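Work through these short exercises with the sequence and the 3D view at hand. Try each task before reading its solution.

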Amino acid sequence: MPLMNAQQYEESLRKLNLKVYMFGKRVENVVDDPIIRPSMNAVAATYEFAHYPEYEDLLTTTSHITGKKINRFCHIHQSTEDLVKKTKMGRLMGSLTGCCFQRCVGMDAMNALSMTTYDIDQKYGTQYNKRFLKYLEYVQENDLTCDGAMTDPKGDRSKAPHQQADPDMFMRVVEERPDGIVVRGAKCHQTGAVNSHEIIIMPTISMREEDKDYAISFALPSDAEGITYIMGRQSCDTRKLEKGTMDRGNQIYGGHEALVVFDDVFVPWERVFMYKEWDFAGQLVEQFASYHRQSYACKAGVGDVLIGATQIIAEYNGANKASHVKDKIIEMNHLNETLFCGSVACAAEGHKEPSGTYLVNTLLANVCKQNVTRFPYEIARLAQDIAGGLMVTLPSEEDFRSPEVGKWVEKYYKANADVPTEYRMRMLRLIENITLGTAAVGYLTESMHGAGSPQAQRIMIARQVNMNAKKKVAKKLSGIPEDE
Amino acid sequence: MSNTRKIGLKYCGGCSPRYDRVDMVKRIKEELGGTIEFVSPDEPGTDFILAVMGCDTACANLDPFEGKLIRIITSEKDTEKLIKELKGEN
């Protein structure tokens, strides 16, 4: 089924037998678990909105391998226009959900593998690209969500994978069999892992020959034997277990991350896309990272929601006409659109790789992500500034509903006479959710560290700018001989 | 024989629209009453394709409609102009 809807996606998840742990217990019903459910809703939105006429131009496209209409999250970019539409899709989905919708990482993994498998084959005469394209067709035909899993625990950061005291700090092959390999290790911070049908493993750093057992890439069904998920906590997560829903902030959507453990998991050869070609580990990492740094256009979408919420709370508070409030909201918009600019620019300046896949301009993708490590924090700061301290001192929904004290919450937290107190409370909770609640995981800390921490982008920026050209023109214009 | 004009409706993806595209289409329907019918842009026999774009970039893929008459709107002002034209006021 090349284009599932939300209901079909949910049904497909119910067929999985995932081994998920949260708060020390196995989660028996992952799809309906109240803490996980909002994150499932966010992925489901990528399926549902693909059927809406007003969004389908971004959320769907044509498969270059089957010619069928598919969800863009399963697509391999065939032009710079595709890359730009990917950026726009990210913003759109962020603006519709107000959170991380989790599905970009699999798309980025598949696009990176479409290039690296081709390049490995060119050098070593292997058949990885053919395998990968067969796998891609399976993903497209079934409209699957894939978790692109890169980040290993890494252990002692000063040591290479083979030097670690515990050899499992990076995912590695522990056994080779005639029909496949057995792998052991873990992947951290896996966004949307338990909402995924498939998990695609990639190495996490450049490697040397001594690390070749760690230079592996493969894909498995998310419920393959030996895979265990341990859910990450989020600030305010247990509010989703409370009686009312107002204190959640976002009533519909959310995100999640998990630690994914591979305890001697078998991978058949037809699912292996890199096997000890250590000299291609760095390329796969860089190409995946570049795509994923572009993907952070989603934060501009979440920013749209936060800016909207901030404007509304200014109006509810009766502060919207103050010039400094207006100016701060302009600043929020300026920063938000600058985020979008970086993602559009690296897409528009993309190019065709030998495999035929289009890759973003990697310098601009790193600049884009570097901005993302900063601007959402400033946008969030301005939102909190305008919202006021009540955002973090507000009594609970149960107090608001209380027969004893509810009347006082209602009375003393009334501001604009035309606005019910409850609306004011709801908007404050949404701002709280995005700037320091469950959604802040995606909007703030994930903006900082997701797709590589800030220093990773700075290294790439330093490596890619043409400093000699800059020095040359500076010398020429100041009258200094070029060879001085 | 029906006098209703069949208009193929195609939206851009709406990443950052400058106006509410869906509301504008509703407004066209309200203004034109039963004289028009919006259908899938892929449906044969349309009078023209109405491409509703959220901004001047107008990035929706119109390649599938090559050879068909396409009318693009990118703003509320464009919408008002279109309504007048369809009413025969221009």
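Patches are made of residues with over 30% relative accessible area and no salt bridge; like charges are joined within 9 Å, nonpolar side chains (Val, Leu, Ile, Met, Phe, Trp, Tyr) within 5 Å. Accessible areas come from the Shrake-Rupley method with a 1.4 Å probe, and for residues only the protein chains shown count as cover. This is a predicted model: local features need pLDDT of at least 70, side-chain atom pairs count only at pLDDT 80 or more, and totals for chains, interfaces and linings use all residues. Residues are numbered from 1 along each chain as its sequence is written, chains are lettered from A and ligands numbered from 1 in the order in which they are written, and side-chain values use heavy atoms, with hydrogens and water left out.

**Exercise 1. Find the nonpolar patch that holds Trp408(A).**

Step 1. The patch consists of Val405(A), Trp408(A) and Tyr412(A). Together they have about 340 Å² of accessible area.

Step 2. Place Trp408(A): it sits in helix H14 (residues 406-412) of chain A. Helices (H or I, at least four residues) and strands (E, at least two) are DSSP runs, numbered from the N terminus.

Step 3. Grade the exposure. Buried means under 20% relative accessible area, exposed over 50%, partly exposed in between (1.4 Å probe, protein chains only). Trp408(A) has 47%, so it counts as partly exposed.

**Exercise 2. Trace the six-stranded open sheet of chain A.**

Step 1. Read the order: E2-E1-E10-E11-E7-E6, with mixed pairing. Two strands pair if DSSP finds at least two bridges between them.

Step 2. Mark the edges. Strand E2 (25-26) and strand E6 (172-177) of chain A each pair on one side only.

Step 3. Take one pair. Strand E7 (residues 180-187) of chain A runs antiparallel to strand E11 (residues 258-268) of chain A, and seven bridges join them. Within this pair, Val182(A) has Phe266(A) of E11(A) as its bridge partner.

**Exercise 3. Sort some salt bridges of chain A by where their partners lie.**

Step 1. Apply the rule: a side-chain nitrogen of Lys or Arg within 4 Å of a carboxyl oxygen of Asp or Glu. Over all chains, the count comes to 42.

Step 2. Start inside one helix. Lys85(A) and Glu81(A) meet at 3.8 Å, N to O. Both lie in helix H4 (residues 80-97) of chain A, four residues apart, about one turn. Lys85(A) is buried because its relative accessibility is 3%. Glu81(A), at 44%, is partly exposed.

Step 3. Now go between helices. The closest N and O atoms of Glu446(A) and Lys299(A) are 2.7 Å apart. Glu446(A) lies in helix H16 (residues 440-449) of chain A and Lys299(A) in helix H8 (residues 298-317) of chain A, so this pair ties together parts 147 residues apart in sequence. Both residues, Glu446(A) and Lys299(A), are buried.

Step 4. Finish with a network. Glu432(A) and Arg429(A) form a salt bridge at 2.9 Å, N to O. Elsewhere, salt bridges that share partners link Glu10(A), Arg14(A), Asp32(A) and Arg37(A) into one network.

**Exercise 4. Describe the fold and size of chain B.**

Step 1. Count the elements: two helices and four strands. Along the sequence they follow β-α-β-β-β-α.

Step 2. Check the size. The radius of gyration is taken over C-alpha atoms; the globule rule is 2.2 Å times the number of residues to the power 0.38. For 90 residues, a compact globule would come near 12 Å, and the 13 Å of chain B agrees.

Step 3. Note the burial: 42% of the 90 residues of chain B count as buried.
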